[in-house]
Amino acid sequence: MTRQRIPLLVELPLLVWLVLVWGALWQDFSPGNLLFGALIAFAVANLLYLPPVELGGRFNLLYAVGFAGRFLYQLVLASVQVFWLALTRGPHLKNAVVAVRLRSPSDLLVTATGHALSLIPGSLVVEVDRSTSTLYLHCLNVVTSEDAENVRRNVRRTEEWLIRAMGSREDLARLGMPAPHHLDGRGHQ
């Protein structure tokens, strides 16, 4: 399978990320190890087929901080809830697989949403349907259809925060939000 040639400047964020992962895996951020990691990252990115990750072209730090705060709150709350369920219900807990169709078709946002949800105790993404942007989550303590709807609302709220933080103009439009205005060099729209 041939791969379309991607300019180095476009590929640079992926290469930097792969080098950082290399350093983290070896727990060695020495210049020599990072240089070797850069060579491997370049080889992987150029010799193996990787589908391109399309970035939205924007990042909103305010919403990213809000997402991080919301994520940490959910992490603590879910940890307490799972602990309580383990103590009170133990092996008699009812679970379900809940399908949630996301609004964004972006692979980056689908992946970020799925990973954020999987890191929170009590839910785990077991399947992703890329063609429909649908996540299938295994969730603890889901007994009624109302419980499943609560899971869906929470997933969509997580996706919404990620769209606000790094979604494209089209993703923002799906939320009903106006696209951000860009200013020219003189401060005019």
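## A left-handed helix pair and two unusual loop residues

The crossing of helices α3 and α5 is left-handed. Keep in mind that what you're looking at is a predicted model. Let's stay with this helix pair for a moment, then step back to the whole chain and finish with two loop residues.

Helix α3 covers residues 61-88, and α5 covers 145-166. How do the two lie against each other? They pack at an angle of about 155°, and their axes are 8 Å apart. Angles over 145 degrees count as roughly antiparallel, so α3 and α5 are roughly antiparallel to each other.

Which residues make the contact between α3 and α5? From α3 come Tyr63, Ala64, Gly66, Phe67, Arg70 and Gln74. On the α5 side you'll find Asn154, Arg157, Thr158, Trp161, Leu162, Arg164 and Ala165. Sorted by class, the contact between these helices is a mix of six nonpolar, four polar and three charged residues.

Now for the wider view. The protein chain has six helices and three strands. Starting at the N terminus, you pass through them in the order α-α-α-β-α-β-β-α-α. The chain is 189 residues long, and 30% of them count as buried. Its exposed surface comes to about 12600 Å², with carbon and sulfur atoms supplying 65% of that area.

How much of the contact in the chain joins residues at least 24 apart? Taking contacts between residues at least 6 apart in sequence, 65% of them link residues at least 24 apart.

Finally, the loops. Most residues other than glycine have a negative phi. Gln27 goes the other way, with a positive phi near 50°, and Asn141 does too, at about 60°. Here they are side by side:

| Residue | Phi | Loop between | Relative accessible area |
|---|---|---|---|
| Gln27 | near 50° | α1 (8-26) and α2 (31-47) | 73% |
| Asn141 | about 60° | β3 (134-140) and α5 (145-166) | 25% |

Are these two residues buried or exposed? Gln27 has a relative accessible area of 73%, so it is exposed. Asn141 has 25%, so it is partly exposed. The cut-offs behind those words are under 20% for buried and over 50% for exposed, with partly exposed in between.

Asn141 also brings us back to where we started: its loop runs between β3 and α5, and α5 is one of the two helices in the left-handed crossing.

How values were computed: Residues numbered from 1 in each chain as written. Predicted model: local features only at pLDDT ≥ 70, side-chain atom pairs only at ≥ 80, totals over all residues. Heavy atoms only, no water. Helix = DSSP H or I, 4+ residues; strand = E, 2+ residues; numbered from the N terminus. Buried < 20%, exposed > 50% of the residue type's maximum accessible area, 1.4 Å probe, protein only. Axes fitted to C-alpha atoms, helices over the stretch in contact; angles between N-to-C directions. Parallel < 35°, antiparallel > 145°, perpendicular 65-115°, else oblique. Left-handed = near helix turned anticlockwise from the far one by under 90°. Contact = heavy atoms within 4.5 Å. Nonpolar A, V, L, I, M, F, W, Y, C, P; charged D, E, K, R; others polar. Areas by Shrake-Rupley, 256 points an atom, 1.4 Å probe, with all protein chains shown as cover.
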